[in-house]
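Hi,

Here is the structure I promised to pass on. Please have a look, and my notes follow below it.

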Amino acid sequence: MLNGRQISEMQENFLQFLNEGAFSNKKIFIFGHCHASEVMADMFLKHGFLVCGIIDNNEGKWGLDYSGISVCKPQIILSYDGALVCIASRFYEEMYKQLRGMGFTGDVLKLVDYNTYAEYSLSDVTIQRKRKRLELGLENLQDINCRFPGHFRVFCPFEALGDVYMAMSYLPRFLQKIKKSKVIMIVPSRSCAEVVRLFSGVDAYILEQGKLDATIQAVLYSQDKGSFIAHQDRPYVIDISYMLQAKCISLEDLYRIGVFGLGKDIESAVPSEWEDYSALNKIPKNNSVILSPYAKSVTSLADYVWVGIVKYYESINYKVFTNVFGNEEPIADTEPISPSIREMKSVVERAGTFIGIRSGLCDVIRTVNAKKIALYPDYYYSNTKWKAIDMYSLAEFENIVVKEGFEWKQV
Amino acid sequence: MLQKYDWLETSLKMGKVILIKSDFEVSAEKVLQTLISCDDSGELLTVLSILPLSTRMKGIIYRQISIDEENKIISLYLTYDFSDNFRVLSRRQCCGSFLNLVDAGYMSMDEALRVWLQR
């Protein structure tokens, strides 16, 4: 998942490579099919480049298509003269190594520095650079200690609303278990801080992603007993999600059991600190639908899926809204709406119906009282044999997989 | 001091390197036996532990290290992710672990170790 800063960084790097002629007369491939690679593909297409393929190690993704670009196996690049591979993934180092291991000798470009933890080298220069980063992290950690004396520090390492929500859901029972009461959550963005503040009695402190990474590194290095990293697969030392190779484990259990070490029967905390959206009266009560087509963490759904949904709800005289953030465009023939995270409950309950691509926002509104439908692109989670719906389905939602030729029917 | 990592760098170029930390609850001997039973990658493996191990198998290099060496390597590992070929078996308090899934009975230690070692 890319945040705004990373998208800007990718755009800047893209333009720099473009100006240097790095893409000229090259057979362009993108490594890894994910949201970031789709953003990158859009950049190439916008500038008139042909992208030969998106290569991916996950066999389940081969044959998929994004804007006319096929997802295919990595070995295909060996059959192209002048192939160039572009990467926007936190697994850059692994991917680079794999490409060279396959015998690929062409250019490999990193378009965004997505993972500041990794650099596969033991050279003196690298070690010194990483030690310097660690020192900055230790200073940041000390600064947080001074700002929040007597607080237990819980770090959410990545901008993902669903992960922050899961962390908050089980935090109270975890704190009870380790006998801590005062806590400060350290998160990378305002949106994440909003999710934190949905839960009573907890505040959040925002650290920019690079600083947050360095501070988390310092927590690891110093084995700081006053801190905890609440994530199921980041940073690199956390090995919980690898167990997905053997078993399908829901996201909820990855957090409840894997991250926090709580029992399977422990129930999640419910958010209570909601606020009312100021223009609720503009939403026809129980006669509206809120669409949420954008997710940073998953590949997008084809436009026709949303068009079909809009047509259906228009035919039964519903008012259709698209939940948008920043520069996101509303779906055609719908009205944009941009409530804050804490206002989402009032908006969705007023509308009566929510339909969204499965994203962190679905986690956030899972306890909201309305008809809620989550749509899942038909893809495999990471490099596992489990489909997204196997891991992410929500008991409070109707969960629907969107396959090729999907047609909306009232559910 | 940095030159002391030369042997580690060489081992990482040849294949995976697994450090079984001295505080890990499963004995290094048991981990090694699990490793032998599940690894069919054909890659060379280097296992580091402060304990002497009697189990031997072709393709696995065992290197006994001192506590001081263990601390230095762990410090380096916790400074940055220097290789996807390097892994540490240990229980940490500041983050979650697959060991929590084992403790909760979600999966057996043997099953979890097999996945962990094969990843």
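Let me start with a small puzzle: which residue in β10(A) does A:Arg153 stand opposite? The partner is A:Ser227. Please keep in mind that this is a predicted model.

That pair belongs to the place where β7 (residues 152–155) of chain A meets β10(A), in a parallel pairing over three bridges. Zooming out, these strands are part of an open sheet of four parallel strands in chain A, ordered β9-β8-β7-β10. Because β9 (203–206) and β10 (227–229) of chain A each have a single partner strand, they stand at the edges, and one side of each has no neighbour in the sheet. On average, neighbouring strands are turned by 25° against each other, ignoring direction. Helix α4 (residues 124–147) of chain A packs on this sheet and touches β7, β8 (183–187), β9 and β10 of chain A; the direction of α4(A) makes about 130° with that of β7(A).

Now to the interface. Here 45 residues of chain A are in contact with 34 residues of chain B. About 3600 Å² is buried between the two chains, with carbon and sulfur atoms giving 63%. A:Leu122, A:Tyr236 and A:Met243 supply 20% of the area that chain A buries against chain B, more than any other three residues.

On the polar side, 15 residue pairs are in polar contact between the chains, and two salt bridges cross the interface. A:Lys97 and B:Asp84 meet in a salt bridge through their side chains, at 2.6 Å from N to O. Helix α4(A) turns up again here: eight residues, the largest share of the side of chain A that touches chain B, come from it.

Happy to chat whenever suits you!

Conventions:
Residues numbered from 1 in each chain as written. Chains lettered and ligands numbered in written order. Predicted model: local features only at pLDDT ≥ 70, side-chain atom pairs only at ≥ 80, totals over all residues. Heavy atoms only, no water. Pairing = 2+ DSSP bridges. Helix = DSSP H or I, 4+ residues; strand = E, 2+ residues; numbered from the N terminus. Axes fitted to C-alpha atoms, helices over the stretch in contact; angles between N-to-C directions. Contact = heavy atoms within 4.5 Å. Buried area = accessible area lost by both parts, 1.4 Å probe. Salt bridge = Lys/Arg side-chain N within 4 Å of Asp/Glu carboxyl O. Polar contact = N/O pair within 3.5 Å; in protein donor to acceptor, adjacent residues only side chain to side chain.
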